[in-house]
Amino acid sequence: MESSQPNYGLVIKGGLVVTGGADGTDYDPGALVTEGSAIRWIGPLESLDDQKIGRFCEVVEAKTSIVLPGFVNAHTHSNECFDQGTYDNLPLDLWSLYTYPFSDVPRLSERDCYLQAMLSAVECIRGGVTTVQDDLITPIPVPEPVSGAAKAYLDAGLRAVITVSMADRPALDTLPFLEGNMPDALTSELRKIDMPSVADLCELFRGLHATWNGVDDRISIVPAPVGPQWCSDNLLQEAASLAESFDTVMQSHVLETKLQAILGQKQYGRPVIEHLDGLSVLSPRLTLNHAIWATAREIELIGERGSSVCHNPLSNLKLGSGLCPVGKYLKAGVNVSLGTDGRSSSDTANLLEAIRLASLVHKIASFEYEDWISADDVFQMATVGGAQSAGLRHHIGTLEIGKKADIILLDRNHWSFVPENDIVRQLAFSATSEAIHSSIVGGKFVMRDRTLCNVDEDALKQEIKSASDRIKAEFYPDIDLNARRLLPYVSRIYRDIMKLPWSR
Ligand SMILES: [Zn+2]
């Protein structure tokens, strides 16, 4: 039976079905029927009858499974995928010199970009992710990263929101404290680096959107101005108007570090979020990645404008960036999603790791335990929060009739759930991704009993190893050299900024 048949469906029969909906309805034992890419029926097993089952349905026995909505990894960068375990003990502003070099930026082939995204896809699927938001930061405006990633996610079977990243500010402006604080030769070298024009970046977006958006009903192409310190006001506004006219979401890195907060104040003469609001960029379409160093007024403003915040606790800890005030955002009515961030800064695309860390780490931020965020809050962030940030709130995030059949199945007999107390808490505090045995995206299996349906993992590993060796041999010596030349100066600025006062 071919899953390409329009009437193809699944009857997932038995087990605990957690809908994730606002009313908290679960069915135990439950059943779920899919038809094509959508959920046709969901309810208690005893109500399942022939009328609810479509034609060509395959029965999936799920008596010993927990059926959940698939997770949304709301922020990652597949372009970092070959770098896990490469860096340690570097704060973001120094780590970026290696991962996002100003010069000698490698231009990778579409196949290399495909392999990076495939690696991301494999980790995502194994970690229960059915939708990934891949923010492809590409300092040079070329189509290969987006095309490669789109092909990879289509092949792997995932749903993906892929960004066309945009930056046009000269390198020196992104760290203006550098000027006058390093040798003139280095300063003039940085001055010579060409940046793309706003028109070129918008053109690139239009072309890639025309090619990939909506393919197989699984790919969205969205604009992503990398962050205010890397983008002119004109580019920020143009990106927002692209999102408006193409009816997409957009995302941007904002207030990830204290340096960014202080730089923003210096650049704009007001807090960054207030500046974005002044440009009319702050809207429900926008997800602010990280948003750690926001003042109380900025948090309020984000809530008033309906923008989302994406929390990335793994990379925030590893790069020493700080702790996102998630509790304050939730109190301000802000939609919060959850991401792993890239594999150079968090070293994984497995969202379950982020779910665990987010459920734990905020409890050390304050003694006010009644304000701590809960495992339930984090589950919401990983499902409906991510769905909203991806612009897919009406299509994914919960198991409901008419929504996409993006579903994960966990082993109810896995030690994490034995004995059974509270599924969501056990998922957050106890489960490992080995408990996730199957995954369905748009009504089609992408992993079944821990075997990926569309990926030859052995062949993929071989190709990734040789691609990574080749890329590292060709590009990394220069990247290393350039980073080391800048490191002492950026390091001094970093230390000076860290001493400056800042309060929420
Ligand atoms: Zn990021």
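Tyr87 and Tyr98 are both buried in this predicted model, and their side chains form one of the six aromatic pairs that the structure holds. The ring centres of Tyr87 and Tyr98 lie 5.4 Å apart while the ring planes meet at 40 degrees, and the pair is therefore classed as tilted, since the edge-to-face class would need an angle over 60 degrees and the stacked class one under 30. The contact links distant parts of the chain, for Tyr87 belongs to the loop that runs between strand E8 (71-76) and helix H1 (92-99), whereas Tyr98 is part of helix H1 itself, eleven residues apart from its partner.

Another aromatic pair is formed by Tyr369 and Trp372, whose ring centres are 6.4 Å apart and whose planes stand at 70 degrees, so that this pair is edge-to-face. Tyr369 is exposed because its relative accessible area, 57%, lies above the cut-off of 50%, and Trp372, with a relative accessible area of 32%, is partly exposed. An aromatic ring also takes part in a contact with a charged group at Phe445, where the charged end of Arg448 sits over the ring, 3.9 Å from its centre.

The zinc ion is held by protein donors from four residues, namely His75, His77 and His253, each through NE2, and Asp341 through OD, at distances of 2.0 to 2.8 Å. Along the sequence these donor residues follow the spacing H-x1-H-x175-H-x87-D, and His75 and His77 are both buried. As a reference for the geometry, the ideal angle at a metal with four tetrahedral donors is 109.5 degrees. The angles subtended by the four donor atoms around the zinc ion run from 78 to 175 degrees, and the arrangement is therefore irregular; a tetrahedral assignment would require all angles to lie between 85 and 135 degrees.

Helix H5, which spans residues 184-191, shows how burial can be distributed around a helix, with Leu186, Thr187 and Leu190 as buried residues. When the helix is viewed down its axis, the buried residues of H5 fall within an arc of 100 degrees, and so they line one face of the helix. On the face of H5 that is turned away from this buried side are the exposed residues Asp184 and Ala185. The cover over the buried residues of H5 includes helix H4 (171-174) and helix H16 (457-499).

How values were computed
Residues are numbered from 1 along each chain as its sequence is written. This is a predicted model: local features need pLDDT of at least 70, side-chain atom pairs count only at pLDDT 80 or more; totals for chains, interfaces and linings use all residues. Side-chain values use heavy atoms; hydrogens and water are left out. Donors are N, O and S atoms within 2.8 Å of the metal (3.2 Å for Na, K and Ca); water is not among the atoms, so sites may look incomplete. Four donors count as tetrahedral if all angles lie between 85 and 135 degrees; four count as square planar and six as octahedral if opposite donors are over 155 degrees apart and all others between 65 and 115; anything else is irregular. Buried means under 20% relative accessible area, exposed over 50%, partly exposed in between (1.4 Å probe, protein chains only). Rings of Phe, Tyr and Trp (its six-membered ring) pair if their centres lie within 6.5 Å; planes under 30 degrees apart count as stacked, over 60 as edge-to-face and the rest as tilted. Helices (H or I, at least four residues) and strands (E, at least two) are DSSP runs, numbered from the N terminus. A charge sits over a ring if NZ of Lys or CZ of Arg is within 6 Å of the ring centre and within 35 degrees of the ring normal. The arc is that of the directions from the helix axis to the C-beta atoms. Contact means heavy atoms within 4.5 Å.
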